[in-house]
Amino acid sequence: MNAGMSLLGMARKAGAVVIGEDAVTEAVLDHKVRLVLVASDAGETTSERINRLESDKLPVIPLLEEKQTLGAAVGFAKVAAVGVCDLGFAAAIAAKLGEENPRAKTVSEGLAQRQKKAQRRKAETAKFGKKSKRRK
């Protein structure tokens, strides 16, 4: 199991993962998912449904691992799709997967930028309260 899959297991323990095609689709429609991972041997229909969910703000990474490996990472027998809800975990997982997967590398760069922006906003809110320095 590579480092990306290990991080996925940690994200599951933290409660930042949605497991299974139906759960991922529902969480995407609720705008809770930041990254979707699809197993290499997922069914054709499943892959098409998940790929239709992809947008500028929601990347979908087709993995090199099979359903059994993806399932083992999150504590199940076989899983075709997993959604990561936390932006920090999503950026870290994409960065680790980017070492082997070129698609994941481009996704990790975009997620890292979004994470930096979110951290900056959080710091501004902590410093200035609800009013940001731009509004004054």
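**Strand β4 and the helices α1, α5 and α6**

Trainee: Let's start with strand β4 (residues 81-84) of this predicted model. Which residues cover its two faces, and are they buried or exposed?
Mentor: Happy to start there! Ala81 and Gly83 lie on one side of β4, and Val82 and Val84 lie on the other. Both faces of the strand are covered, and these four residues are all buried.

Trainee: Where does β4 stand in the order of the sheet?
Mentor: Look for the ends of the open sheet: the edge strands are β1 and β3 (60-62), each pairing on one side only. Going from one strand to the next, the twist averages 20°. The four strands have mixed pairing, and their order is β1-β4-β2-β3.

Trainee: How many bridges join β1 and β4, and in which sense do they pair?
Mentor: Strands of a sheet can pair in two ways, parallel or antiparallel, through backbone hydrogen bonds. One place to look is Val18, which stands opposite Gly83 in β4. Strand β1 (residues 17-19) pairs with β4 over three bridges, and the sense is antiparallel.

Trainee: Then there is strand β2 (residues 35-38): how many bridges does it form with β4?
Mentor: You can trace this pairing residue by residue. Leu35 has Val84 as its bridge partner in β4, while Leu37 stands opposite Val82. The two strands, β2 and β4, pair in the antiparallel sense, and the number of bridges is four.

Trainee: Now the helices! At what angle does α1 run to β1?
Mentor: Good moment to bring them in. Helix α1 lies across β1, β2 and β4. Its direction relative to β1 is about 95°.

Trainee: How do α1 and α5 run relative to each other, parallel or antiparallel?
Mentor: Two packed helices are described by an angle and a distance between their axes. For α1 (residues 3-13) and α5 (residues 87-97), the axes are 8 Å apart and the angle is about 160°. An angle over 145 degrees counts as roughly antiparallel. The two helices are therefore roughly antiparallel.

Trainee: What classes of residue make the contact of α1 with α5?
Mentor: On the α1 side the contact includes Met5, Leu8 and Ala11, and on the α5 side Phe89, Ile93 and Lys96 are among the residues. The crossing of these helices is left-handed. By class, their contact has ten nonpolar, one polar and one charged residues.

Trainee: And how do α5 and α6 run relative to each other, parallel or antiparallel?
Mentor: Try the reasoning again with helix α6 (residues 102-128). It packs against α5 at an angle of about 150°, with the axes 8 Å apart, and the crossing is left-handed. The cut-off is again over 145 degrees, so α5 and α6 are roughly antiparallel.

Trainee: Which classes of residue are found in the contact of α5 with α6?
Mentor: From α5, the residues include Leu87, Gly88 and Ala91, and they meet a set in α6 that includes Val107, Leu111 and Arg114. Sorted by class, the contact has eleven nonpolar, three polar and one charged residues.

Trainee: You named Gly88; is it buried, partly exposed or exposed?
Mentor: Gly88 lies in helix α5. Buried means under 20% relative accessible area and exposed means over 50%. Gly88 has a relative accessibility of 24%, so it counts as partly exposed.

Methods: Residues numbered from 1 in each chain as written. Predicted model: local features only at pLDDT ≥ 70, side-chain atom pairs only at ≥ 80, totals over all residues. Heavy atoms only, no water. Axes fitted to C-alpha atoms, helices over the stretch in contact; angles between N-to-C directions. Parallel < 35°, antiparallel > 145°, perpendicular 65-115°, else oblique. Left-handed = near helix turned anticlockwise from the far one by under 90°. Contact = heavy atoms within 4.5 Å. Nonpolar A, V, L, I, M, F, W, Y, C, P; charged D, E, K, R; others polar. Buried < 20%, exposed > 50% of the residue type's maximum accessible area, 1.4 Å probe, protein only. Pairing = 2+ DSSP bridges.
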